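Thanks for coming. Please have a look at the structure on the screen, and I will then talk through a few parts of its interior.

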Amino acid sequence: MRLFLIRHGETVDNIAQLYAGTRDSELTNHGVLQATKLGQSFQVSGIRITHLFSSPLKRAVKTAKLVQDAQSSFFPDATAVPALDSSGSARNDTFKLEIVRCQALIEQDFGFYEGKPFYERPRGENLTGKQAHQRNHENEPGFVPPESKESMARRGDSFLDEHLLPLLHDEHLEIEPVVAVVSHGILLSSLWKCFLRRLPARSVGFAPTAVASQSFTDLEHLGGWSNTGYLELRLSKYKTDAINKKGSEDLPASSTSTECGPDLSQRGMPSQPDHKAVGDSTAVAEPVGLSVGAEVQQAELVAGSSLQPGISESFSLAHEPIKLIREWTTTIMTVNEKSHLRGLKRTGGGVGSAKFEEGQKTLETFFKRRKVG
């Protein structure tokens with residue numbers, strides 16, 4: 001499987017420096033160009049997406065739609081890939097790439113801070129401006145705290161269990177799944193941590209190109225997502241005999257965690273891998289610096305954690321054990337990849353930073369009209 005975790009394009013609230021979590025901020029004209037370039041980059045690189053998931057917020061859906069539009073050159077008549085029914089048999093209808101909107105992929109709910117300007121970081125304190133403000137005002141009447149990390153983790157686990165893991169275990173798929181997930185910066189960071197903690201011990205590594213372009217201190221914290229930046233992962237399956245020899249089936253019993261599993265943030269990255277990724281016939285660079293050095297435990301989500309109204313009530317998975325992704329290695333191919341944005345310049349005169357209007361036929365004709373006028 002190839003997996004792309006993508007942040008949406010630039011939004012009006014990004015430009016205004018406002019907190020926008022569940023607030024439905026729309027893309028700017030520049031953000032539409034970013035997403036268009038992303039879709040074109042996938043198309044030119046021959047990346048044929050088989051599954052496209054998106055947050056239901058407009059900024060993510062629009063980004064996903066532009067990626068979807070670029071994919072139409074692969075399947076102009078929606079006939080390139082046969083669809084399968086639940087038994088794995090080919091149906092008479094044919095493949096069509098659809099955007100699956102998932103409420104679990106919505107951004108963190110910022111509560112009181114939704115739509116408010118960024119707070120300045122206090123001097124001499126290791127806190128963000130928002131954290132400092134919350135510390136001083138959280139007990140005031142009417143204050144609604146931001147959504148907790150535990151709540152976002154529940155949503156991340158829900159998405160993994162309902163959408164991603166079934167693809168890994170589906171033996172009827174005749175082609176390699178290529179999955180794109182379009183979401184938001186904070187939620188993607190949480191989703192990555194949830195995914196990481198499900199993987200077998202010492203099964204995650206960096207492609208040499210990723211190591212050469214970035215410096216990392218630990219796997220959990222790979223850095224932020226730029227607008228339309230993406231994390232690319234390649235999952236390859238072990239040979240069965242290799243699993244048995246390593247004894248990776250003998251994993252420890254469940255522990256309790258509120259953030260998808262045990263804390264990996266302090267674990268160092270050994271210089272040599274314990275094993276090599278075994279994939280299909282497609283050439284994949286051998287991962288280096290496998291980073292999860294101790295056993296990764298199965299975890300149970302804690303019951304009774306607070307849920308933000310309207311966001312997380314349907315994602316309570318208390319007492320349901322997290323399923324580990326066994327028999328797989330994961331190679332981090334790129335981190336915050338944004339090479340598709342090279343040479344892209346913001347249109348002047350405030351046009352690039354303005355909200356994109358769906359009534360525009362194309363950005364190109366819109367810009368031409370502005371220049372002529």
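**Two loops, one helix and what surrounds it**

Glu327 sits in the loop that runs between strand E10 (299–301) and strand E11 (328–337). Bear in mind that this is a predicted model. Most residues other than glycine have a negative phi. Glu327 is not a glycine, yet its phi is positive, about 70°. Is Glu327 buried or exposed, or in between? Its relative accessibility is 29%, and Glu327 counts as partly exposed.

There is another residue of this kind. Arg202 is not a glycine and has a positive phi of about 50°. Its loop lies between helix H6 (185–196) and strand E7 (204–206). Arg202 is buried, with a relative accessible area of 16%; the cut-off for buried is under 20%.

Now some background on the whole chain. The protein has 373 residues, and 49% of them are buried. Its elements are 9 helices and 11 strands. Take the contacts between residues at least 6 apart in sequence: 81% of these join residues at least 24 apart.

Next, helix H6, which comes before the loop of Arg202. H6 has 12 residues and spans 17 Å from its first C-alpha to its last, close to the expected 16 Å. How many of the 12 residues of H6 are buried? The count is 10, so H6 is largely enclosed by the rest of the structure. Among the buried ones are Leu191, Trp192 and Phe195, and Lys193 is buried as well.

What covers the buried residues of H6? The cover includes two helical or strand neighbours that you can find on the screen, helix H5 (149–169) and strand E1 (2–7). It also includes strand E6 (178–183), E7, strand E8 (230–237) and E11.

Several of these elements appear again in the largest nonpolar core, which has 39 residues. Phe159, Val181, Leu191, Trp192, Phe195, Leu231 and Ile332 have the most contacts inside this core. Two or more residues each come from E1, H5, E6, H6, E7, E8 and E11. The largest share, 8 residues, is from H5. There is also a second, separate core of 17 residues, and Ala60, Val67, Ile99 and Val182 are included in it.

Leu231 is a useful residue to click on. Leaving out residues up to four places away in sequence, Leu231 touches Leu3, Phe4 and Leu5, and also Trp192 and Ile332. Its other contacts are Leu222, Trp225, Thr334, Val335 and Asn336.

Last, the empty space. The whole structure holds 2 cavities of 30 Å³ or more. I will cover the second largest, which has about 40 Å³ of space. Which residues line the second largest cavity? They are Leu3, Leu5, Phe159, Leu160, Leu164, Val181, Leu191, Phe195 and Leu233. By type, the lining has 9 nonpolar residues, no polar ones and no charged ones. E1, H5 and H6 each give at least two residues to this lining, and H5 gives the most, with 3.

To go back over the main points: H6 is largely enclosed, since 10 of its 12 residues are buried. H5 gives the largest share of the largest nonpolar core, and H5 also gives the most to the lining of the second largest cavity. As for the two positive phi values, Arg202 is buried, whereas Glu327 is partly exposed.

How values were computed
Residues numbered from 1 in each chain as written. Predicted model: local features only at pLDDT ≥ 70, side-chain atom pairs only at ≥ 80, totals over all residues. Heavy atoms only, no water. Helix = DSSP H or I, 4+ residues; strand = E, 2+ residues; numbered from the N terminus. Buried < 20%, exposed > 50% of the residue type's maximum accessible area, 1.4 Å probe, protein only. Expected span 1.5 Å × (residues − 1). Contact = heavy atoms within 4.5 Å. 1 Å grid on protein atoms, 1.4 Å probe; cavity = no way out; pocket = protein on both sides within 12 Å on 5 of 7 lines; lining within 4 Å. Points joined across faces, edges and corners; volume = space filled by probe spheres on them. Nonpolar A, V, L, I, M, F, W, Y, C, P; charged D, E, K, R; others polar. Core = buried A, V, L, I, M, F, W, Y, C linked by side-chain atoms within 4.5 Å.
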